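Colleague: Before I take this model to the bench, I would like to go through the words used to describe it and ask what stands behind each of them. Could we do that with the picture in front of us?

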Amino acid sequence: MELPVTVGIDGSDTSLTAADRAAREALLRGCPLRVLHALPLMPHLLPSWSAGRRPDPGALLHEVRHVLAVRYPQLETRTEEVHDLATAALVAAGEDAELLVVAARGAGGFPGLRIGSTALHLAARAGCPTVVLPVDPPGPEPREQIVLGLDARRPTEAALEFAFAAARRHGLPLHVVHASAAGAQDDEDELLARTLAPWQAAHPEVEAVADSTGAGAGLALVEASAKARLLVLGRRPAVLVGALGPVGHAVLHHTLCPVAIVPEA
C-alpha cells in the first residue's frame with residue numbers, strides 16, 4: 001500500500017499553510033495526501049459548546065479539500081476526522097505515513113510562542129519523519145539549499161538518506177553542517193569527508209557541501225536555516241525516544257525554515 005503524506009489541521013491559518021506545504025510535498029513524492037483533523041473527546045465540556053458556538057469540523061475538512069483540489073487537481077487527497085487528542089491521533093497516523101507535516105503552533109498557545117506542545121510531541125515521538133513549519137513565514141533571503149545537521153562521529157543513516165533524497169527531489173545542493181569537537185580542524189574536516197564519501201558516491205546527482213564548524217551545533221544550524229528551504233535533523237532511537245536533546249530544541253525554537261526530524265530505525 002502506498003503510504004501518504006499526512007498533515008494535521010485545526011482550522012488555524014498556520015495549519016492550513018501546513019496543509020498546502022504537505023500537498024506540494026505529496027506531489028513531489030508521487031503519493032497521496034491525508035488531511036487529519038482531531039476532534040475533542042468530550043466537546044460538550046468546551047466553552048464554545050456551552051455558549052452555543054458549535055464548530056462544524058466536517059465543513060472545515062470539506063473546505064480544505066476543495067481548496068487543495070483547485071490548487072492541485074492531480075493530487076489524490078483524503079480527509080479524516082478522529083475523536084482523540086491531536087498528539088495521539090497524529091502519532092498513530094505516523095505509523096502509516098511516509099511523512100507527517102504540522103505547524104509549529106496551531107490554534108492554541110499564546111503570542112510569541114515559537115512552538116507548541118503538539119509539534120514538540122510529534123518531533124520527539126513520531127515513528128516517521130516529521131516536518132515542522134515555523135511560526136513566522138520565511139524571509140526574502142534566497143533559499144537554494146537543503147541543510148543537514150550531522151554528528152560525523154555518530155551519523156544517523158535515516159537522516160542522511162532523507163536529506164540526500166530531499167536535495168534530489170528539490171534539485172538543490174545539500175549543505176552538511178558538523179559541529180567540531182575541540183581539536184585540530186583538519187581532523188574534523190577529514191572525519192566529515194569520510195562520513196559523507198559513500199553517500200556522495202550513492203547520490204552523484206546531488207551536490208553536497210561539507211562544513212565542519214567550531215561553533216555550537218544549535219547556533220550553526222539556526223544560522224544556516226536563514227538560507228535553507230529545509231533543515232534536516234536525525235533523532236536517536238530506543239532509550240532516547242521522547243527526548244529531542246538540546247540541539248533539536250534549539251533548532252525548533254529558533255529556526256528560520258521548516259525542520260524535518262527523522263527518527264533512526
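**Asking what stands behind the words**

Colleague: Let us begin at the end of a helix: which residue follows α6, and is its phi positive or negative?

Modeller: The residue after α6 is Gly 171, and its phi is positive, near 65°. Please keep in mind that this is a predicted model, with a mean pLDDT of 87 and with 86% of the residues reaching 70 or more.

Colleague: Where does pLDDT stay under 50?

Modeller: That happens over residues 44-54, for which the model has seven contacts beyond four places in sequence. Where pLDDT is low, the predicted coordinates should not be read in detail.

Colleague: To come back to α6, how do you know what span is expected of this helix, and what span does the model give?

Modeller: Helix α6 covers residues 157-170, which is 14 residues, and 20 Å separate its first C-alpha from its last. The expected span is 1.5 Å times one less than the number of residues, and for α6 this comes to 20 Å, so the span in the model is close to the expected one. Several of its residues are buried, among them Leu 160, Phe 162, Phe 164 and Ala 166.

Colleague: Why is Thr 213 called buried?

Modeller: Its relative accessible area is 17%, and buried means under 20%, so Thr 213 falls within the term. Thr 213 is part of strand β8, residues 208-213, and, leaving aside residues up to four places away in sequence, it touches Val 177, His 178, Ala 179, Ser 180, Gln 185 and Ala 220.

Colleague: And why does Leu 39 get the word buried?

Modeller: With a relative accessible area of 8%, Leu 39 is also under the 20% limit, and therefore the word applies. Leu 39 belongs to strand β2, residues 33-39, and its C-alpha is separated by 5.9 Å from that of Val 82, although the two are 43 residues apart along the chain. For the protein as a whole, buried residues make up 46% of the 265 residues.

Colleague: What makes β5 a partner of β4 and of β10?

Modeller: Two strands pair if at least two bridges are found between them. Strand β4 (residues 99-103) is joined to β5 by four bridges, and these strands run parallel, while β5 and β10 (residues 259-263) share three bridges in the antiparallel sense, so both pairs satisfy the rule. Leu 100 has Thr 130 as its bridge partner in β5, and Val 132 has Val 259 as its partner in β10. From β5, Thr 130 and Val 132 point one way and Val 131 and Leu 133 the other way, and all of them are buried.

Colleague: How many cavities of 30 Å³ or more are there, and which residues line the largest cavity?

Modeller: The count comes to one cavity of 30 Å³ or more, and the largest cavity has a volume of about 50 Å³, so it passes the cut-off that the count uses. The residues that line it are Arg 21, Glu 25, Arg 29, Val 131, Phe 162, Ala 166, Arg 169, His 170 and Leu 230. Helices α1 (13-29) and α6 each supply at least two of the lining residues, and α6 gives the most, with four.

Colleague: What is the volume of the second largest pocket, and which element gives the most to its lining?

Modeller: Its volume is about 560 Å³. The lining consists of 23 residues, of which Asp 151, Leu 233, Gly 234, Arg 236 and Val 247 lie nearest the centre. At least two lining residues come from each of β7 (174-179), α8 (217-225), β9 (230-235) and α9 (245-254), and α9 gives the most, with four residues.

Colleague: Which residues of α8 are buried, and what covers them?

Modeller: Gly 218, Ala 220, Leu 221, Val 222, Ala 224 and Ser 225 are buried in α8, and the elements covering the buried residues of this helix include β6 (146-149), β7, β8, β9 and α9.

Terms used. Residues numbered from 1 in each chain as written. Predicted model: local features only at pLDDT ≥ 70, side-chain atom pairs only at ≥ 80, totals over all residues. Heavy atoms only, no water. Buried < 20%, exposed > 50% of the residue type's maximum accessible area, 1.4 Å probe, protein only. pLDDT = per-residue confidence, 0-100. Contact = heavy atoms within 4.5 Å. 1 Å grid on protein atoms, 1.4 Å probe; cavity = no way out; pocket = protein on both sides within 12 Å on 5 of 7 lines; lining within 4 Å. Points joined across faces, edges and corners; volume = space filled by probe spheres on them.
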